[in-house]
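Dear colleague,

Please find below the structure I agreed to pass on to you. My notes on what was found in it follow directly after.

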Amino acid sequence: MCGIIGYVGPDLCADTLIGALSKLEYRGYDSAGIAVIDEGGALVTRRAEGKLGNLVKRLREEPVDGRTGIGHTRWATHGAPTESNAHPHRSGSIAVIHNGIIENHLELKAELREHGHEFTSETDTEVFAHLVDHYRTVRGLALPEAVRQAVIRLHGAYAVVVVDAKTPGMLVGARMASPLVLGVGEGANYLASDAAALLSHTRDMVFIEDGQVVTLTPGGVELRDVASGELLPVAPVHVTWSPAMAEKGGYKHFMLKEIHEQPRAIGDTLRGRVSLERNAVNLPEVPLTRDDLASFRQIYVVACGTSWHAGLVGRYLFEDLAGLSPHVELASELRYRKAPMDERTLFIAVSQSGETADTLAALRDAKAKGARCIAICNVLGSSIPRECEGTVYTHAGPEIGVASTKAFTTQVAALHLIALHFGRLLGRLDDGAMAAELAALLHVPSVIETLLLAGEAPYEEIARAWHDRTSMLFLGRGSLFPMALEGALKLKEISYIHAEGYAAGEMKHGPIALIDEKTPTIILNPRDGHYAKVRSNLSEVRARSGPVCVVATEGDADAGDAATFCLTVPDVPEHVLPLVMAVPMQLIAYHMADFKGTDVDQPRNLAKSVTVE
Ligand code: F6R
């Protein structure tokens, strides 16, 4: 977590740093700060507690500018979210920004204290500034070498960027287990936590690898291996995301924009991978043969949060379409278990960011045990895909809202494609079934488009009525059970209303005790194979005076009978129902939060990319 940005070039850069930080704020917003080497050669920092807006205000009062600079937006790990703990951290002529955790900071601090260093913050990061300063002043090393020697001493995870007032026109960055992207511009170069932050400057990027250190000047870039110091080739890739994708585009929030982008995002994820003429799924990214598949004794689908919910939907698809029943596991649990895995295990990591620490750790563990590993990921060049044999990239485009929406539906679409691919390879799907599945999947973007065009008044009405409730339940059966979980997660994370997702059939085993006239229940009850059973669950809630919002199939004349509110979704085949059902779940949460006036895109305590355990 935490967002970092660095610039070196011919222009004054304070605005560039702030602009990039506004795109990185989703990674943390406990404090923000910049450091620049000003026109007089002095290193000047400005920092402020809280969101980026506070820093912008501070800069208006006390402007500062220079042509070499770094910026940071923080998600606090070590030390409270105060100004003194805000980055950049300094020692002498050095300023540093850091994303990650330096695990041996106490040991390094003790050592540096013996050399007379004094610390002003409670952070792990500050020791790194002092360590670089120490190597510069005591050993007289040039900045790139001082940084290289300093990172050799670090244990833990870091993406760091360093400036030194003694060497204006230079940035040095290094990476271990936290993302760092180099942007190659014309006469200017950049470092950032993700590509989206740099899109308005350049689309030529180098994804810095673990164990690399990079030195940037306005006209050049030098990449080295940290351990050996050897020079490495610099090979930029051209990123296809456009700058507009990282803007709000007229929507009130990124989350709302991203909900509305789903028809395009799902369409892009399917494009080129579905051939109606050949009645086939084309997934060269999944390098598995029929024999490989037949040899697997177990499949794991592993993820966190919303991505785990996508995995849970995937299990129904794998079972129905390929006769395979994967273990769908929370990475944060699996990584500490002793689950037996070997070369007859297929491990599928699902992650929007590709950087989630727990998913990455579970993946590494599975790999070490010999498992074959593939990923479903949205961020090109991120850590998880780089450690897998193959990656099915979702083409959602940058997701900035902290609550995941389009990344989720594109993950479900990718899992659907993989299930179909495996089903065909294993001979589980005949031509007719395959054609019907593909047609249904390809139809989803236009179905969601229609659903979105119908407008959001019903959701606003629900928000008006229920925004002051303290607790809500979401119920679904079959593949809509994970959608109930997802609906509840979306609601709690952005509206701060406590919500539980439950399998409707489990109600009577406990949660029904929660029902009273103040506790609304959202019941997912379309005309699918579970219709009658869920309808009975709805009656049970009503019989206990619980207010109900039913989400039903369009044209179901009986749906609204017993409900306070009735939302509808178009009638679609069962396997694509979760994709369509995602939209009302997202819009209920969005409008509740918007009505309450919470910070929809940056809800409290959260950060988008969870790169700490
Ligand atoms: C919730 C949300 C999170 C993420 C989770 C995993 O809306 O976004 O629960 O799904 O942190 O993140 P990724 O998919 O980046 O591994």
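Glu-486 and Lys-490 are separated by about one helical turn, because they stand 4 residues apart in helix 16 (residues 481-495); helices here are DSSP runs of H or I with at least four residues, strands are runs of E with at least two, and both are numbered from the N terminus. An α-helix has 3.6 residues a turn, so residues three or four places apart point the same way. The two residues form a salt bridge, with 2.6 Å between the closest N and O atoms (a side-chain nitrogen of Lys or Arg within 4 Å of a carboxyl oxygen of Asp or Glu). Both Glu-486 and Lys-490 are buried (under 20% relative accessible area, with exposed meaning over 50% and partly exposed in between, for a 1.4 Å probe and protein chains only).

Please note that this is a predicted model, in which local features need pLDDT of at least 70 and side-chain atom pairs count only at pLDDT 80 or more, while totals for chains, interfaces and linings use all residues. Residues are numbered from 1 along each chain as its sequence is written, and side-chain values use heavy atoms, leaving out hydrogens and water.

The salt-bridge rule gives a count of 32. One of these joins Lys-23 to Glu-247, at 3.4 Å between the closest N and O atoms. Lys-23 belongs to helix 1 and Glu-247 to the loop between strand 15 (237-238) and helix 6, so the pair ties together parts 224 residues apart in sequence. Lys-23 is buried at 12% relative accessibility, whereas Glu-247 is partly exposed at 37%. Glu-39 and Arg-67 also meet in a salt bridge, at 2.7 Å from N to O. Glu-39 is exposed at 56% relative accessibility, and Arg-67 is partly exposed at 31%. In addition, a network of salt bridges links Arg-175, Asp-210, Arg-364 and Glu-387.

Helix 1 (residues 14-24) is mostly covered, with 8 of its 11 residues buried. Its buried residues pack against strand 1 (3-8), strand 2, helix 2 (52-61), strand 4 (66-74) and strand 10 (189-192). Ser-31 is located in strand 2 (residues 31-38) and counts as buried at 1% relative accessibility. Beyond residues up to four places away in sequence, Ser-31 touches several others, including His-72, Arg-74 and Thr-82 (contact means heavy atoms within 4.5 Å).

As to overall organisation, the chain is divided into domain 1 (3-247), domain 2 (257-449) and domain 3 (454-596), with bounds from an automatic or database domain assignment. The C-alpha centres of domain 2 and domain 3 lie 26 Å apart. Their contact takes 29 residues from domain 2 and 25 from domain 3. About 2100 Å² is buried between these two domains, and carbon and sulfur atoms give 74% of that area (the accessible area, with a 1.4 Å probe, that two parts lose on being put together, summed over both). On the side of domain 2, Ile-259, His-309 and Tyr-316 lose the most area to domain 3, together 23% of what that side buries. The rule finds 0 salt bridges across this interface of domain 2 and domain 3.

His-416, placed in helix 13, counts as buried at 0% relative accessibility. Among the residues that His-416 touches are Leu-317, Glu-437 and His-575, again leaving aside residues up to four places away in sequence.

Yours sincerely
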